[in-house]
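User: Hi! I have a structure open and would like some help reading it. Could we go through it together?
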Amino acid sequence: MTIQKHILAVLLLAGSTCVVHAGDVSVNMPGISVKAQDNGGKANVQMPGVSVNAAQGNGNGNGNGAGKQAGRADGGRIMGNDMSKSTQCNGQPVSIQGNGNQISLSGVCPQVSVNGNENQITIEQLGKVQVVGNDNQVRWAQGVNGAKPQVQSSGNDNQISRQ
């Protein structure tokens with residue numbers, strides 16, 4: 001199962017050893033919690049500063065079909081890797097952390113921060129953006145209240161521009 005391979009990689013990076021087999025997997029160590037369910041292809045990884053939930057499937061939550069969903073969004077925070085997500089800013093700041101994501105933000109986004117590499121972000125209305133990392137693309141349709149957004153970028157080959 002693909003999710004189990006990713007969990008094994010996370011555990012190896014965390015410096016632990018684990019035998020992964022077909023079926024349910026649950027690992028608890030000080031500060032690290034990993035759970036995978038063969039039924040429905042779901043996984044949950046929790047480590048200090050990291051929380052990733054993933055579901056293998058067609059996006060309807062039943063684990064059938066191709067495709068994937070991963071990440072976590074709470075309080076304007078989107079965390080995860082290699083995910084596609086559309087969400088609304090609702091006039092609140094949004095923080096995106098991860099690599100290889102395709103994120104679409106609609107509505108008024110007064111402040112967006114991107115931390116990672118190779119992310120593609122589209123924003124309907126942007127006030128301010130801060131990008132840290134490499135090869136990120138941030139595209140915005142219009143500035144909040146018609147003003148040009150404030151832009152801060154550190155890293156290499158980040159592209160931030162109007163659509």
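Analyst: Happy to! Let's begin with D157: this residue is exposed, because its relative accessible area is 58%, and the cut-off for exposed is over 50%. Please keep in mind that this is a predicted model.

User: Thanks! Where is D157 found?
Analyst: D157 sits in the loop that links β15 to β16, and β16 covers residues 159–162.

User: What about the phi of D157?
Analyst: The phi of D157 is positive, about 60°, although this residue is not a glycine. For background, most residues other than glycine have a negative phi.

User: Which other residue has a phi near 60°?
Analyst: D135 is one: its phi is positive and near 60°, and D135 is not a glycine either. You can find D135 in the loop between β13 and β14, where β14 spans 137–143.

User: Is D135 buried or exposed, or partly exposed?
Analyst: D135 counts as partly exposed, because its relative accessibility is 38%. Partly exposed covers values between the 20% limit for buried and the 50% limit for exposed.

User: Which residues form the negative surface patch?
Analyst: The negative patch on the surface is made by D82, E118, D135 and D157. You have already met D135 and D157, both members of that patch.

User: Where is D82, then?
Analyst: D82 lies in the loop between β7, residues 77–79, and β8, residues 84–88. D82 has 46% relative accessibility, so this residue counts as partly exposed.

User: Let's switch to strands. What does β8 pair with?
Analyst: One partner is β10: these two strands run parallel and are paired over five bridges. Within that pairing, S86 has S104 in β10 as its bridge partner.

User: And which strand is joined to β10 by six bridges?
Analyst: That is β12, residues 120–126, which runs parallel to β10. S104 turns up again here, standing opposite T122 in β12.

User: How many bridges join β12 to β14?
Analyst: Six bridges join β12 to β14, and the two strands run parallel. For a landmark, look at Q120, which stands opposite Q137 in β14.

User: What about β14 and β16?
Analyst: They are parallel too, with four bridges joining β14 to β16. W140 has R162 in β16 as its bridge partner.

User: Back to Q120 for a second. How accessible is Q120?
Analyst: Q120, which lies in strand β12, is partly exposed because its relative accessibility is 40%. Its C-alpha is 9.4 Å from that of N99, and the two residues are 21 apart along the chain.

User: Now β13. Which residues are on its covered face, and which on its uncovered one?
Analyst: β13 spans residues 128–132; V129 and V131 make up its covered face, while K128, Q130 and V132 are on the uncovered one. As a general rule, side chains in a regular strand alternate between the two faces of the sheet.

User: Which strands does β13 pair with?
Analyst: Strand β11, residues 112–115, is joined to β13 by four bridges and runs parallel to it. There, V112 stands opposite V129. β13 also pairs in the parallel sense with β15, residues 150–154, this time over five bridges. In that pairing, V132 has S154 in β15 as its bridge partner.

User: New topic! Is C109 buried or exposed?
Analyst: C109 is buried, because its relative accessible area is 0%. This residue belongs to strand β10, which covers residues 102–109.

User: Which residues could I use to see where C109 sits in space?
Analyst: Try Q92, which is 17 residues from C109 in sequence and 6.2 Å away, C-alpha to C-alpha. V144 is another one: it is 35 residues from C109 along the chain, with 7.7 Å between the C-alpha atoms.

User: Where is Q92, and how accessible is Q92?
Analyst: Q92 is placed in the loop between β8 and β9, the latter being 94–97. Q92 counts as partly exposed, because its relative accessibility is 47%.

User: Last one: what can you tell me about K148?
Analyst: K148 is in the loop between β14 and β15. With 72% relative accessibility, K148 counts as exposed. The C-alpha atoms of K148 and L126 are 8.3 Å apart, and 22 residues separate their positions along the chain.

Definitions and conventions. Residues are numbered from 1 along each chain as its sequence is written. This is a predicted model: local features need pLDDT of at least 70, side-chain atom pairs count only at pLDDT 80 or more; totals for chains, interfaces and linings use all residues. Side-chain values use heavy atoms; hydrogens and water are left out. Buried means under 20% relative accessible area, exposed over 50%, partly exposed in between (1.4 Å probe, protein chains only). Two strands pair if DSSP finds at least two bridges between them. Patches are made of residues with over 30% relative accessible area and no salt bridge: like charges are joined within 9 Å, nonpolar side chains (Val, Leu, Ile, Met, Phe, Trp, Tyr) within 5 Å. Accessible areas come from the Shrake-Rupley method with a 1.4 Å probe; for residues, only the protein chains shown count as cover. A salt bridge is a side-chain nitrogen of Lys or Arg within 4 Å of a carboxyl oxygen of Asp or Glu. Lys and Arg count as positive and Asp and Glu as negative; His and the chain ends are not counted. The place of a charge is taken as NZ of Lys, CZ of Arg, CG of Asp or CD of Glu.
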